[in-house]
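Thanks for sharing this one. Here are a few notes to read with the structure open beside you.

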Amino acid sequence: MITTEAAAESAVPAVLGDAEATGAPEREQLVWPWKDAAIRALVQRIHQLQAERAQAFRRLEDLRIPACRRGHRQYLSSGPPYDFPRYRSTVHEVTQAFAAASREVLAVEAELAGPRAQPLLASHVRRLQQLEETRLATVALLQLMGTPELTGQDSLQMHQLKMKVIKTMEAISEVLQDLRFDAESAE
């Protein structure tokens with residue numbers, strides 16, 4: 001469900017207008033930078049946000065980025081005793097990145113569902129958000145199961161969770177393709 005709060009959280013302070021030039025006091029207004037953007041630009045922004053999410057997942061999982069040793073694998077290899085402060089810091093940074101992307105995705109959905117009257121595109125964005133939530137929860141569970149205390153407990157469940165992540169990523173790719181195709185048809 002899209003809330004006014006979600007849309008407001010993705011807003012950015014506006015540039016001060018005529019009141020600043022005249023010296024009159026003016027309340028700072030929140031303006032979403034994509035308000036008057038073309039649908040194509042909104043779809044491109046969704047793709048950019050997905051790239052940011054992918055980068056955050058790589059940081060969290062410590063995949064394919066040799067210089068980044070702050071993820072879950074590094075945490076597990078640091079102990080015992082584990083380097084929890086570093087891990088906590090990385091999780092915090094990644095959580096903030098996910099939250100910021102989610103707020104903006106929700107704002108795009110609200111824009112498409114409301115003023116742009118593009119319910120099909122809005123439904124693609126909503127589905128994308130749901131899939132990303134599923135992916136994040138599954139990756140977090142996989143990481144938890146990868147802790148030394150739980151390693152080897154249920155390799156079948158680990159395999160099933162890994163397959164769920166893969167299937168979710170495939171579904172995300174399909175939704176992004178549908179979004180791009182339907183956006184081209186909408187213009």
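**Notes on a helix pair and a loop**

1. The axes of helix H6 (residues 119–145) and helix H7 (residues 155–186) come within 9 Å and cross at roughly 160°. Angles over 145 degrees count as roughly antiparallel, so H6 is roughly antiparallel to H7. Please keep in mind that this is a predicted model.

2. What is the hand of the crossing where H6 passes H7? The crossing is left-handed. The residues in the contact between H6 and H7 comprise 20 nonpolar, five polar and seven charged.

3. H7 also passes a simple length check. With 32 residues at 1.5 Å a residue, H7 should span 46 Å, and its end C-alpha atoms are indeed 46 Å apart, which agrees.

4. Which residues of H7 are buried? They are Leu 161, Val 165, Thr 168, Ile 172, Val 175, Leu 176, Leu 179, Asp 182 and Ala 183. As you scan that list, it may help to recall that an α-helix has 3.6 residues a turn, so residues three or four places apart point the same way. The buried residues of H7 pack against H6 and also against helix H3 (39–61).

5. Now for a loop. Pro 115 sits in the loop between helix H5 (84–113) and H6. Is Pro 115 buried or exposed? Its relative accessible area is 62%, so Pro 115 is exposed; the cut-off for exposed is over 50%.

6. One last pair to look at is Pro 115 and Lys 35. They are 80 residues apart in sequence, while their C-alpha atoms are 9.2 Å apart in space.

Terms used
Residues are numbered from 1 along each chain as its sequence is written. This is a predicted model: local features need pLDDT of at least 70, side-chain atom pairs count only at pLDDT 80 or more; totals for chains, interfaces and linings use all residues. Side-chain values use heavy atoms; hydrogens and water are left out. Axes are lines fitted to C-alpha atoms, for helices over the stretch in contact, and angles run from 0 to 180 degrees between N-to-C directions. Helices (H or I, at least four residues) and strands (E, at least two) are DSSP runs, numbered from the N terminus. Angles under 35 degrees count as roughly parallel, over 145 as roughly antiparallel, 65 to 115 as roughly perpendicular and the rest as oblique. A crossing is left-handed if the near helix is turned anticlockwise from the far one by less than a right angle, and right-handed if clockwise. Ala, Val, Leu, Ile, Met, Phe, Trp, Tyr, Cys and Pro count as nonpolar, Asp, Glu, Lys and Arg as charged, and the others, Gly among them, as polar. Buried means under 20% relative accessible area, exposed over 50%, partly exposed in between (1.4 Å probe, protein chains only). The expected span of a helix is 1.5 Å times one less than its number of residues. Contact means heavy atoms within 4.5 Å.
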